[in-house]
Amino acid sequence: MVTVSAPGKVYLFGEHAVVYGEPAVPCAISRRATVTVRERDDNSLIVNAKDLSLEGFTVEYSGGINAQPDIDVSEHLVEAAMAYIETAISQVREHTNRPNAGVEVTIESNLPLGAGLGSSAAVVVSTIKGGITELGGTISDEKLAQRAYQVEHIVQDGRASRADTFCSTMGGAVRVEGDDCNQLDAPTLPFIVGYDGGSGDTRELVSMVQSLKDEYSFAAETISTIGDIVRTGESLIQTGQMNELGDLMNFNHGLLSALGVSSRTLDSMVWAAREAGADGAKLTGAGGSGCIVALDDSDQTLTALSYNPECEQAFRAELDTDGVVIES
Ligand code: PMV
């Protein structure tokens, strides 16, 4: 039996634009998915996902992937989660050359599903690493990130960037531009996350931005302006200039709103953070609903978000320099 964990992430800059070849800077955070893999005598796949999210949003599931889980969350989220795990196990079987290997996968996570914190990437990275290790194999971090990206690419119908999976594998702040992925030197960034209790449909939101880009030149220009923000922002990360980084996060949020991927609840949390004195705040991930990220090393943003009626949960999440880790 092997237990592996991998971090979730926030986007400091660049979501959506990264799909069209612009750079993005996701940062791993100190919230993780933990996956335990145990080899089975038969060739079946059993998934136990008792805790796929934050409080009040729990998936109770045990059985083969075609069995019906007993759940109180939307079916598309559970179907998506199961598709990620099944595809991750296909990668394990291929890598170890054990096409009929049976495994039991148990997932624990304090990352909300589909809320912009990279829960699927953290689960996929941990499942592949745990599965390969349990079956007696090894894999480099570069190959692991590549296999995890393949899983997202397959499950998300070819619309996925390498950002989430590379960041979750390597940890820390990373820069992703097309196939080019690098780690960045970054100081401890004081992230505060606000979560509205909802989730966005990444596939739908990406396709909406694509249609907007095809129809209106302003949308294409907005995407390339987001790229300019990332290029400016990445040089500030190393020097830890919080005020300037925060301003760029605010600009980035405005441009994401122009592309139609923000929402009333996300905007409300962003404004609550800014008014509380955060250096900057923006939505993180695909948008629609889910999480915002703010920069604030005081407690004021956390307090303001915890009193904001649109915010179901707020927490501090420092930059996590550890990527995927074998726990035991
Ligand atoms: O919400 P998430 O964590 O799935 O992030 C989506 C980020 C996008 O840029 C919108 C899509 C992608 O694959 O990069």
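A polar contact is a pair of N or O atoms within 3.5 Å; within protein, one must be able to donate a hydrogen and the other to accept it, and residues adjacent in sequence count only if both atoms are side-chain atoms.

Welcome to these exercises. The model is predicted, so local features need pLDDT of at least 70 and side-chain atom pairs count only at pLDDT 80 or more, while totals for chains, interfaces and linings use all residues. Residues are numbered from 1 along each chain as its sequence is written, and side-chain values use heavy atoms, with hydrogens and water left out.

**Exercise 1. Find which residues are closest to the ligand.**

Step 1: Look for residues near the ligand, meaning that one of their heavy atoms lies within 4 Å of it. There are 15 of them around the ligand, and the closest are Lys9, His16, Ser161, Thr202 and Ala286.

Step 2: Sort this shell by residue type. Six residues are nonpolar, six polar and three charged. Here Ala, Val, Leu, Ile, Met, Phe, Trp, Tyr, Cys and Pro count as nonpolar, Asp, Glu, Lys and Arg as charged, and the others, Gly among them, as polar.

**Exercise 2. Work out how far polar side-chain atoms of Lys9 and Ser161 lie from ligand oxygens.**

Step 1: For Lys9, a polar side-chain atom lies 2.9 Å from an oxygen atom of the ligand.

Step 2: For Ser161, the distance from a polar side-chain atom to a ligand oxygen atom is 2.6 Å.

Step 3: Add Thr202, where an N or O atom in the side chain is 3.2 Å from an oxygen atom of the ligand.

Step 4: Now see which elements give two or more residues to the shell around the ligand: β1 (2-13) and α5 (202-215). Helices (H or I, at least four residues) and strands (E, at least two) are DSSP runs, numbered from the N terminus.

**Exercise 3. Decide whether His16 is buried or exposed.**

Step 1: Locate His16 in the loop between β1 and β2 (25-40).

Step 2: Apply the cut-offs: buried means under 20% relative accessible area, exposed over 50%, and partly exposed in between (1.4 Å probe, protein chains only). His16 counts as buried because its relative accessibility is 5%.

Step 3: Check the backbone. Phi of His16 is near 70°, a positive value in a residue other than glycine.

Step 4: Try Asp157 too, in the loop between α3 and α4. Its phi is near 55°, again positive in a residue other than glycine. Asp157 is exposed because its relative accessible area is 52%.

**Exercise 4. Identify the side chains that make polar contacts with the side chain of Arg162.**

Step 1: Place Arg162 in the loop between α3 (141-155) and α4 (163-170). With a relative accessible area of 16%, Arg162 is buried.

Step 2: Follow its side chain to Gln146, which it meets in a polar contact of 2.7 Å.

Step 3: Follow it to Asp179 as well, where the side chains make a polar contact of 3.1 Å.

**Exercise 5. Trace the link between Thr284 and Gly116.**

Step 1: Find Thr284 in the loop between β11 (280-283) and β12 (291-295). Thr284 is buried, at 1% relative accessibility.

Step 2: Find Gly116 in the loop between β7 (102-109) and α2 (119-134). Gly116 is also buried, at 15% relative accessibility.

Step 3: Join them: a polar atom of the Thr284 side chain lies 3.2 Å from the backbone oxygen of Gly116.
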